[in-house]
Amino acid sequence: MISLIVARLRNALKLIKEGDLANSRVELRRASQEGIDNPALALAAASLLFTTRNYHDSLAMLDLAFSLGAGPIALWRKYQEAMRLGWEQDARIALETGAAMEPKEPRWRAALLALHARRRDRKVALHHGEALLAIKPRAGSALIEMASLYAAQGDEESARRSLAAALALPLRDEARLEVARIYRSLGAFAEARALLEPLTQGSFGIEARLLLAELALWSGDLVQAEALASSLDQHAARPRILGAIAVIRGHRDQARLLLEEALRLDPNESEAHTWLAELLPEQGRYEQAHHQLTQAQMTARGALFVGHLLRIRINLCAGTSPPSLDLAQIEHLLPTFAHLCPERLLELRKGDLEAWRQAIELCLARLHGNRSITPTILRGSFLEKLPVGPEPRAESRRILERIRVGRREDLLAEFAALAEQFPHSGLPHAHRGEFLLWLGEVSEARRALEQAIDVVRGTRWAYIGLTMCDILEGKLEDALVTSARGISIMNNTEGPAVYVHRGEALRRLGRLEEAQRDLERSVAMHGSRVGAWVNLGLLRLAQGSVEGARIAIQQVFALAPGLISDAARAEGVDLFSSPRRLADWHFASVLRRCLELLRGNRSSSCISYLTPEGLLRFGHHGGHTQEPLHDDDEQRLVQAEEMLRRFPVTRSTFTSSKVTVSLPKRKVLSDAQVNFFLEHGYLHLPGAIPRATVDRWVEDSRRRVIEEPERILRNYFPNSTPLDLDRPETWHQPRVELQGSLHEPIAHVAPLLWGAICDLLGGDERVQTQTLNDYFILKFPFPEQEGTEGMELWHIDDPQPNAKLNGLRNGLVCFLLFSDVVPEGGASRLLVGSVSKLARLLAASPSGIDLTDPVWAKAIAAESGTEVPCSGEAGDAFLAHGLMLHRASANRTRRIRWLNNLMIYLKAPLDPLRTDPSLRSPAEEILARAIERSSTASSSPSLP
């Protein structure tokens, strides 16, 4: 007889090949419920789930494969699949776990370096780069990447040192091209040219000629720039450079056509947007000029000094008083001004509008053809890079983009520091508000946005963000008023962000024709704005156009496939019945759920959303240009088929016992693990928390103990000797509690732990506690404390004064090890057998028991029972039933024990008497078995 699990997986594979994704999902769900406990089967199931567009469960299956022993194979696959989806937080966790598991394997560090560098998380990226070079000192790509990071943060000496080390190695042409780019960003133009000229005829000739053409344009050599640009074939930079030359020569119409062609080829051509912003005011097209400039600043990979010049210039041309002329707000620009036109600096400080008009034209002329983030000036025949300091808009955007890999608390701290650095700019507050809206924290977002307006009344995005606050709070008429107020304050100018927010408010109010105009304008200007497409899909459905909704939902899937998949999963529907057919009867519910998951994100550049489990996920970072997700489905199916062939067709191949409980949704635990929990009342889960997370959280707490003891120490005494965790002479107490500052979804920070919690409690829909904080209990070496009051006291956590068997919401108590713990190292101790005894005691007392009274615990502990120490390695977890008696123990070692003691509460009480026993969770099944045995037991524990 063929194994049921293998049979289901093979049938799912067959259905996928036939294009029947809906029924293949059914088979995969059934296979999962049977209890996959073989790593090869889990890897095969993960491949099949991905092809059915069930991305969340595919990654969860890879987590299961990892827990079953697939190790690095499963982690690397999870990283690759997560990156294809744009789920960079999932990818980061996989890589950090891999790096902790294989500290000498360079691929983990290389991938972490690339991931954090792409998200401009320079400090963390450099940390991983240094770790990589310690393993592989001659890693040329790492040296070049690190040089780029050093250059971006202004550390020219370190950048040059890394580049010299890279050039000492045999490098391919592609690497030499990148070295030339970095030299150019450093202002080392001679070194850049020397590297580029030999590359012009090779396989990277187009890229080399492009960089040389730009250098010629910056130097005012229009003839050479034109000749080099003309050789760039269909590259988007060709019409952009030729358009810039046409602007300089005064051929305005030709320039506009060339620049628009460049943007058709590549909408992210930042400098093409900039040149158009320079041209359009001459035609009186001020709003379009502002839009082009905003696009330029959004797509530029750094501070765009020339963008500030042009913003002021547009306002001056429009005859409006530029709010950007407040010198306090643009003080950071003056050093660059001082190099470009020092003779006008004194007049500029006076704020005279005509002086500014003349100075800006002079600056643009002296920049020659340079509209990049690396402004230059020609001094004689030498090109010189101009100094550019940090700038609030670019720095705010950099922090905001790091949502993909950063932590909430870290990013909020960076926004606060940026606001202090630029006290006269509203942008750090506005972007902080946007960040909080993306997380759905509306009240906090509103405070940040109002603070932005308090600093600078003309902070455009603050009004847009407040419009979204009104929408999320259901104040739709207020949203329209807020939007109109912002438009009025910004000189009656609008834009795509205004259109999507106002359009959503209008749609929700039922004003469909007005909403349609705004939403269609929004997607026309920014085809990557997912929030606008979702709203447009709902609008089409309200208008009765299913086909219009289909187009919208296909656009959403192209930009954020994970969003569609997670929304359909949250709705419990199969949206993809086949690879080419969408189940249109689910459009409305899936689109509404998409909007809910997006929270306040209506961005065109960073699509973020929160799953029902609290996981922060994203759309493609490459938008429509992202590599198609399912081009290699055939390869996935071949791999799955090969794995399934390994299993003979007889059931005797499988040694695992049949699970005794049919769980609604099994995530990670095997049959053996569930049965162990049923028998003993607890489960030891090695590696439940990634070691990288453990190390990071502990290091953060160590820092806070030194820097802010009054906030982190629960019992802080100002006059006592300061606690130093590295100096035993300051350890004056056996036990210290550290109050945390972090709150992260368990599913995000420790997916294996979350999966186990859900498996033991019957699914994530039953679990109330979904976050983990860094509240630590430290046990110091105090062996003489053994036997004193409290150390031997058996108890349960959060006991209730009138506890009843049908009212227990304490699902699990988790002992999370944040340090290696040996049995004599202060390990908490569990009393095996106590769960069933306490369950029988509660069953015999329907009126309730006061569990706060220690007498009952003594009565149970007096009977025979086995003590189990919660000992293991940092990152391990012990998941015990909420009725498990446990106690503390003394630390007889010389090391501090770090423990997080987490109670997992349920949304509804445990129900061991469910009508359908197959729906009992393992935590309920333990109670049910205890009750069943109570009638035949010779004795039951009772209160003395």
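Two strands pair if DSSP finds at least two bridges between them. Helices (H or I, at least four residues) and strands (E, at least two) are DSSP runs, numbered from the N terminus. The model is predicted: local features need pLDDT of at least 70, side-chain atom pairs count only at pLDDT 80 or more, and totals for chains, interfaces and linings use all residues. Residues are numbered from 1 along each chain as its sequence is written, and side-chain values use heavy atoms, with hydrogens and water left out.

**Exercise 1. The sheet**

Task: find how E11 and E17 pair, and place them in their sheet.

Solution.
1. Strand E11 (residues 776-779) and strand E17 (residues 897-905) are antiparallel and share three bridges.
2. Ile777 has Leu899 of E17 as its bridge partner, and Leu778 stands opposite Trp898 of E17.
3. E17 is also joined to E12, by seven bridges and again in the antiparallel sense; here Val813 has Met903 of E17 as its bridge partner.
4. The open sheet holds six strands in the order E7-E15-E12-E17-E11-E8, with antiparallel pairing.
5. Strand E7 (682-685) and strand E8 (735-738) are the edges; each has a single partner strand, so one side of each lacks a neighbour in the sheet.
6. From one strand to the next, the twist averages 20 degrees.

**Exercise 2. What lies against the sheet**

Task: state which strands helices H36 and H37 touch, and how enclosed E17 is.

Solution.
1. Contact means heavy atoms within 4.5 Å. Axes are lines fitted to C-alpha atoms, for helices over the stretch in contact, and angles run from 0 to 180 degrees between N-to-C directions.
2. Helix H36 (residues 671-680) touches E7, strand E12 (810-817) and strand E15 (877-881), and its direction makes about 140 degrees with that of E7.
3. Helix H37 (residues 691-707) lies across E8, E11 and E17, at about 110 degrees to E17.
4. Buried means under 20% relative accessible area, exposed over 50%, partly exposed in between (1.4 Å probe, protein chains only).
5. Seven of the nine residues of E17 are buried, so the strand is largely enclosed by the rest of the structure.

**Exercise 3. Helix H2**

Task: check the span of H2 and locate its buried residues.

Solution.
1. The expected span of a helix is 1.5 Å times one less than its number of residues.
2. For the 14 residues of H2 (residues 21-34) this gives 20 Å, and the end C-alpha atoms are 20 Å apart, which agrees.
3. Leu21, Ser24, Arg25, Glu27, Leu28, Ala31 and Ser32 are buried in H2.
4. They cover an arc of only 165 degrees around the axis (taken from the directions from the helix axis to the C-beta atoms), which puts them on the same side of H2.
5. Their cover includes helix H1 (4-17), helix H3 (39-51), helix H4 (55-70) and strand E3 (576-578).
6. After H2 comes Gly35, with a positive phi near 100 degrees.

**Exercise 4. The nonpolar cores**

Task: describe the largest nonpolar core and name a separate one.

Solution.
1. A nonpolar core is a set of buried Ala, Val, Leu, Ile, Met, Phe, Trp, Tyr and Cys residues joined through side-chain atoms within 4.5 Å.
2. The largest has 212 residues, and Leu753 and Ile757 have the most contacts inside it.
3. H3 contributes the most to this core, ten residues.
4. A second, separate core has 64 residues, among them Ala142 and Leu196.
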